[in-house]
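Thank you all for coming. I would like to take a few minutes to walk through the model now going up on the screen, and I will start with a detail of the backbone before stepping back to the whole chain.

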Amino acid sequence: MAAKITYTIQKELGDLSIAPNGWKKQLTYTSWNNRGEKFDLRSWNEDHTAMTKGITLTKEEALKLRDILNEIDFDEL
């Protein structure tokens with residue numbers, strides 16, 4: 001039997017996209033299984049009761065990702 005996963009979304013930081021079915025790809029600041037909060041990127045249904053697989057980032061990882069994205073010339077890709 002799979003362990004129950006708990007989560008508390010501390011803050012919704014922004015929506016990246018909204019699908020026709022209402023699911024939102026969001027960046028949130030979320031605590032998983034009563035651990036410290038992390039930056040979390042995944043899709044959620046409208047009332048945050050169902051989710052897709054996603055990624056979590058520590059503050060340091062989020063800052064590194066920001067730096068990498070800031071260095072990319074998106075017009076060259």
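N34 sits in the loop between β2 and β3, and this is a predicted model, so please hear everything I say about that loop as a description of a prediction. The phi angle of N34 is near 60 degrees, which is a positive value in a residue other than glycine. Is N34 buried or exposed? With a relative accessible area of 72%, N34 is exposed, because the cut-off for that class is over 50%.

N33 belongs to the loop between β2 and β3 as well, and although N33 is not a glycine, its phi is positive, at about 55 degrees. For N33 the relative accessible area comes to 32%, and this residue is therefore classed as partly exposed.

Let me move from the loop into strand β2, where we find S31. S31 has a relative accessibility of 8%, so S31 counts as buried. Which backbone oxygen does the side chain of S31 reach? It is that of R35, at 2.5 Å. If we set aside residues up to four places away in sequence, S31 touches T6, Y7, T8 and Q10, and also G36 and E37.

That brings me to the pairing of the strands. Strand β1, residues 7-18, and strand β2, residues 24-32, run antiparallel and are joined by nine bridges. One of the residues to look at here is S17, whose bridge partner in β2 is K25. β1 and β2 form a hairpin, with five residues between the two strands, and in the turn G22 has a positive phi of about 95 degrees.

Staying with K25 for a moment, we can use it to cross over to S43, since K25 is among the residues that S43 contacts once its neighbours within four places in sequence are left aside. The others in that set are W23, K24, A50, M51 and T52. S43 lies in strand β3, and because its relative accessible area is 15%, S43 falls in the buried class, which is set at under 20%.

Now to the largest pocket. How much space lies in the largest pocket? The value is about 170 Å³, and the lining is made up of L16, L27, F39, L41, I55, L57, A62, L65 and L69. Two or more residues of that lining come from each of β3, β4, which spans 55-57, and α1, which spans 59-71. It is α1 that gives the most to the lining, with three residues. As for chemical character, the lining of this pocket divides into nine nonpolar residues, with no polar and no charged ones.

Finally, let me step back to the protein chain as a whole. Its secondary structure comes to one helix and four strands, and read from the N terminus on, the elements run β-β-β-β-α. Taken along the principal axes, the C-alpha atoms fill a box of roughly 45 × 30 × 25 Å. Of the 77 residues in the protein chain, 17% are buried. And if we consider the contacts with a separation of 6 or more, residues 24 or more positions apart account for 22% of them.

I will stop there and take questions.

Definitions and conventions:
Residues numbered from 1 in each chain as written. Predicted model: local features only at pLDDT ≥ 70, side-chain atom pairs only at ≥ 80, totals over all residues. Heavy atoms only, no water. Pairing = 2+ DSSP bridges. Buried < 20%, exposed > 50% of the residue type's maximum accessible area, 1.4 Å probe, protein only. Polar contact = N/O pair within 3.5 Å; in protein donor to acceptor, adjacent residues only side chain to side chain. Contact = heavy atoms within 4.5 Å. 1 Å grid on protein atoms, 1.4 Å probe; cavity = no way out; pocket = protein on both sides within 12 Å on 5 of 7 lines; lining within 4 Å. Points joined across faces, edges and corners; volume = space filled by probe spheres on them. Nonpolar A, V, L, I, M, F, W, Y, C, P; charged D, E, K, R; others polar.
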